[in-house]
Amino acid sequence: MERLREEIRKHDYLYYVKGEPIISDYEYDQLYRRLLDLEKEYPELITPDSPSQRVGGAPLEGFETVAHDPPMLSLDNAYDEGEVQAWETRLRKALGRKIEYMAETKIDGVAISLEYEDGLLVRGSTRGDGYTGDDITANLKTIHDIPLRLNNAPRGHLEVRGEVYMTREGLARLNKKREAEGLPLFANPRNAAAGTLKLLDPREVAKRQLHAWLYYLISRVPGVETQEKALEALERWGFQVNPQRRLCRNLDELFRFYREVEAVRENLPYNIDGLVVKVNDLRAQEVLGATAKAPRWAIAFKFKAEQATTKVESIEWSVGRAGSITPVANLSPVLLAGTTVKRAGLFNPERVAELDVREGDTVIVEKAGDIIPYIREVNYALRPAGVKPAKPPTKCPACGSPLVKEAGVVGLFCRNWECPIQVRGRLELWASRGAMDIEGLGEKVAGVLYKELGVRDPGDLYFLKPGCLASLRGFGELSESNLLRAIEKSKEKGLSRVLYGLGIPNVGSETAALLANHFGSIDKLLAASREEIDEIPGIGEKVAYEVYNFFRRKEVKNLIAKLKKAGVKLEEVAKEVVGPWTGLTFVITGTLPSMSREEAHEAIRARGGKPMDSVSSKTSYLIVGESPGSKLGKAEKLGVKIITAAEFEAMLAKTPVP
Ligand SMILES: [Zn+2]
């Protein structure tokens, strides 16, 4: 079994870290399945560093707090060579000798701390405020760059710090998905990485493909006397270490490295914003110590931000698919980081007011590795006389309805159900591949359906009559019959797809699946209270609020009625999970101390097991909680295996969710 695990670890490394798999996905699946089978048969042999433990476990309620000792400080910045020279002068005064530097490129990510006991990962945490952070071990375990077990590392406690990051390509992929789901986009890879690490559902984290570099060995290890040696040791133990690093014997060498890296930074798959320069000798680091804010022995030597000065020609307010009003500044074209920029995002009316940006203003736009350039600052001194503050519209630019400001929510919204942009967006989302998968219903067709045939929501699609489209310009009989057939076929997609396709704010495909599996039918969901929705593991308070409110709208009720009348399937048969407990049945009697019965049932189902209400000779396990009922006696009589709540929890902890 350990040999098999070792084999899988090797292939994981080649696939996820090196990107050079040497076996096919199919062969890999076979290996992985064999491991799961063995672990199912011998659950007592599952080790915490088994590759099967990487897949994210059940969602968390919240994060525990972790204290950082020593604190995770930030770094002082230097913006030019002069500032670096001034830093060296201070160092020399304190140390009285020549200094060597270890320079590494500064990845634009999120700082983390990892702790190992006897080579096993026991805890991972965020930086937080530097003194205490959040315990995000479950999320960090899903990152393949982070070893669960170290190779030949020293025994005892070992702490290592580093950075979690997302590649630009990873961000583009994630944003594309979020855009399709009507979720807000991440402005840059750092925000995306930070947002991902804070998710309470490790399974979602696992999908987002984060990476990690480790660069700071906190524990003292014999034979490791320099930062250079520390990085080599980290690499040997199995960590990913920044490949772009250089030992510099003096500042000239350092400045040369800086210029070399700055010239190629755009070609790297991830964002860097400078160099981190450290005094190489660890003893010298100790002598220098730290201020309350930052260590004295390290500095962030930043690249110049990519900025340009230009003029705001106009401020445009448009309405998005979900009805939110989005301001954009149209700029006099300007060259920035190799591309011509004509527009800058202003995000929401609140941001416009805060910046006080006006038409005709001279502004500095910045693109610090971000996807969308944004306005960094306004040069108020150059403002032409008599320019009025930018005012958000009071009416929707698409439909003229009065806009609504909701208490406690950033932004301004058009709440007109028939707003053309929103109708078209709604139809497109409904037809998208992740939802009802209606081929041929794209932006253009959605526009025609809205304008020519009075389609106002997805429900109307199911009442289109043959011939109604064929007469329209650009539509042949063939394309009409194909479209109608695709619409007909979509009726069978099931509740999870329907819920996703409805475009409920903040409900992506994963949340839609959670809701569908939990309630099983739209009627049960409609009858659920806000609290009931909130209690579903993996669904937060905010989402519960949105879901509940969405179904209270009369237009939505009307839409659901149309879907019902058309015979669209609004149920979901809970998916049979194949997992380590497939074939096992569980019955619970009494109350479990640490989870509700519903949670226990879900945990069993998630592992492929079947929760049952009554004991029979076929029951595999009876779980006995506090004040058990008559089921206990019956199980004893039938010879069913009886386990305590604590034993059940231990089984859960040892059995991964497939
Ligand atoms: Zn509107």
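Strand β19 (residues 621-624) pairs with β20 in the parallel sense, over 4 bridges. One contact point can be named: Y621 has K641 in β20 as its bridge partner. This is a predicted model.

**The sheet and its helices**

The two strands belong to an open sheet of 4 strands. Its order is β18-β17-β19-β20, with parallel pairing. β18 (610-612) and β20 (641-644) stand at the edges. Each has a single partner strand, so one side of each lacks a neighbour in the sheet. On average, neighbouring strands here are turned by 30 degrees against each other, direction ignored. In general, strands of a sheet pair through backbone hydrogen bonds, either parallel or antiparallel.

Two helices lie across these strands. The table lists them.

| Helix | Strands it lies across | Angle |
|---|---|---|
| α22 (residues 597-606) | β17 (585-589), β18 and β19 | about 165 degrees to β17 |
| α23 (residues 631-638) | β17, β19 and β20 | about 145 degrees to β19 |

**The zinc site**

Which residues hold the zinc ion? C396, C399, C414 and C419 coordinate the zinc ion, each through its SG atom. The distances run from 2.2 to 2.4 Å. Along the chain, the donors follow the spacing C-x2-C-x14-C-x4-C. C396 and C419 are 23 residues apart, and both sit in the loop between β16 (374-379) and α12 (420-431).

Why is the arrangement called tetrahedral? The 4 donor atoms subtend angles of 101 to 115 degrees around the zinc ion, which makes the arrangement tetrahedral. The ideal angle for four tetrahedral donors is 109.5 degrees.

Are C396 and C419 buried or exposed? C396 counts as buried because its relative accessibility is 4%, and buried means under 20%. C419 is also buried, with a relative accessible area of 0%.

**The whole chain**

The chain has 658 residues, of which 47% count as buried. It contains 24 helices and 20 strands. Its C-alpha trace spans about 85 × 85 × 45 Å along the principal axes.

The domain assignment gives domain 1 (2-53), domain 2 (67-302), domain 3 (307-382), domain 4 (420-492), domain 5 (495-566) and domain 6 (585-654). The C-alpha centres of domain 2 and domain 6 are 46 Å apart.

Contacts also reach along the sequence. Among contacts in the chain with a separation of 6 or more, 67% come from residues 24 or more positions apart.

Note on methods: Residues numbered from 1 in each chain as written. Predicted model: local features only at pLDDT ≥ 70, side-chain atom pairs only at ≥ 80, totals over all residues. Heavy atoms only, no water. Donors = N, O, S within 2.8 Å, 3.2 Å for Na, K, Ca; no water. Tetrahedral: all angles 85-135°; square planar, octahedral: opposite > 155°, others 65-115°. Buried < 20%, exposed > 50% of the residue type's maximum accessible area, 1.4 Å probe, protein only. Domains from an automatic or database assignment. Pairing = 2+ DSSP bridges. Axes fitted to C-alpha atoms, helices over the stretch in contact; angles between N-to-C directions. Contact = heavy atoms within 4.5 Å.
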